[in-house]
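Please walk me through this protein chain, beginning with its overall build and then turning to its aromatic rings.

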Amino acid sequence: MAKYLSTLLYIGVFLSSCQKEAPIRQITGFDSPPAINGQGLTADSFYVVLLESKNNVIISDIRKIDFVDSSIVILSSEGVFSFNRQGQYLCQYGERGNGSGEYHTLTSMWVDEQKHIRIIDGARNRILTFNTDGQLLDTQTYSSSTFDLLNDCEPIDNNHLFCSNHIYNDLNTIYSTFDLQRKESHPLHRFAGKTANTQEYTGRHAFTLQKDTVFCVSPFSPDIYYWTEGKNDIRPYLSIMTEQEILSEKEQTSIEDFGITRYAELLNQDVFTGFTDLFIIPQYYFLGFYNLSYFLVNKSTHKGVRYEYPLQTDKISYLPLINIRAVSPQGFLVGFEEAYKLKQWKINTETQDDNLRKVQAVVQKISAEDNPCLFFYRLK
């Protein structure tokens, strides 16, 4: 009997050791001097989509891009619009106002399993549901302050959302899930610091879904985290190696004025401030920090290259990655540039880059008053 119990104990210990999570992979290259935006990058496929500028459709400040069938859905400061893959205007989803199908504040949007476009009006705590033709199908109302701090969301399934949130003073839950049927939020991860009476986001596009797994980043952390259903928290997946100072949790807790000014102070002190954007394509992890820099990590080698985001528009010699906002279903990084900024681009006339020549042809066609152009990059 003793021998039998001993054997069971050994099996239990062995199985337990097998269930331990694999060591976190380390990513190198972050501390190397940053390259010029696009230098050394190769896109084996690249195209530009000019968003049609008519029907009184004016777009600026693109905040989110999504896809449904052959349509591109864009959430901007002016509204939510649909275009086909050639950039022709299709329809608008709702508009500002107080009536049926209208919204006060565009907080976020997503495409659900039925291919309906769902828009969150954070000010009125409502979710408006439209079909792809722009017809209102449903309006769901939620209790006061439900979406007050919501920054962005994506569907885990048809009844649950994964959410990134703003922080306000000590209300610092930056990731949560939301049950659309029960109308309940469940916190997953908190930021240690707080703000000084300001509402601040901790990332523009700080998480991304890959099948059943969510990958995300957190302020001042060198890690990429992951979350799957059934877990009550996010856990480290990859870690960026850097010689910059990493703030301890205690030091983060002492931050009482989280925001862009504090970011700037810590950057000047050579403190690692983390990332605000995360996109994943077949070959790379794209990690962005506002519009200051981005870090492109090769999945095969776990080595990365850091790039400066700002452009020297007087002589552009490399195809830059600009204002990345999405990944298309075909695995393209999708960015955009305002037309008036594109008109300021002066592309090196000696360039041999066919993709830059495509941009040059577009610049010659548009006027500064036109809508933005979308850039689709499939990187080698």
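The paragraphs below go from the whole chain to particular ring pairs.

The model is a predicted one, and its protein chain contains five helices and 29 strands. Along the principal axes, the C-alpha atoms of the chain fill a box of roughly 85 × 55 × 45 Å. A compact globule of 380 residues would have a radius of gyration near 21 Å, and because the protein chain has 23 Å, the two values agree.

Of the 380 residues, 50% count as buried, while the accessible surface of the protein chain comes to about 18,700 Å², with 47% of that area belonging to carbon and sulfur atoms. If one takes the contacts between residues at least 6 apart in sequence, 55% of them join residues at least 24 apart. As for charge, the protein chain carries 35 positive and 45 negative side chains, and the centres of these two sets lie 5 Å apart.

The aromatic residues offer a more local view, for the structure holds 36 aromatic pairs. One of them is formed by Tyr 263 and Tyr 290, whose ring centres are 5.6 Å apart and whose planes stand at 85 degrees; the angle is over 60 degrees, so the pair counts as edge-to-face. Tyr 263 belongs to helix 3 (residues 260-268), whereas Tyr 290 sits in the loop between strand 24 (284-289) and strand 25 (293-298), so the pair ties together parts that are 27 residues apart in sequence. Tyr 263 and Tyr 290 are both buried.

A second pair, Tyr 294 with Tyr 307, has ring centres 4.9 Å apart and planes at 15 degrees, which is under the 30 degrees that serves as the limit, so this pair is stacked. Here the partners come from two strands, Tyr 294 from strand 25 and Tyr 307 from strand 26 (residues 303-308), and the pair therefore ties together parts that are 13 residues apart in sequence. With a relative accessible area of 1%, Tyr 294 is buried, and Tyr 307 is likewise buried, with a relative accessible area of 4%.

Which residues do ring pairs link into a cluster? The cluster consists of Phe 191, Tyr 201, Phe 220, Phe 258, Tyr 263, Phe 289 and Tyr 290, and it thus includes both tyrosines of the edge-to-face pair described above.

Notes:
Residues are numbered from 1 along each chain as its sequence is written. This is a predicted model: local features need pLDDT of at least 70, side-chain atom pairs count only at pLDDT 80 or more; totals for chains, interfaces and linings use all residues. Side-chain values use heavy atoms; hydrogens and water are left out. Helices (H or I, at least four residues) and strands (E, at least two) are DSSP runs, numbered from the N terminus. The radius of gyration is taken over C-alpha atoms; the globule rule is 2.2 Å times the number of residues to the power 0.38. Buried means under 20% relative accessible area, exposed over 50%, partly exposed in between (1.4 Å probe, protein chains only). Contact means heavy atoms within 4.5 Å. Accessible areas come from the Shrake-Rupley method with a 1.4 Å probe; for residues, only the protein chains shown count as cover. Lys and Arg count as positive and Asp and Glu as negative; His and the chain ends are not counted. The place of a charge is taken as NZ of Lys, CZ of Arg, CG of Asp or CD of Glu. Rings of Phe, Tyr and Trp (its six-membered ring) pair if their centres lie within 6.5 Å; planes under 30 degrees apart count as stacked, over 60 as edge-to-face and the rest as tilted.
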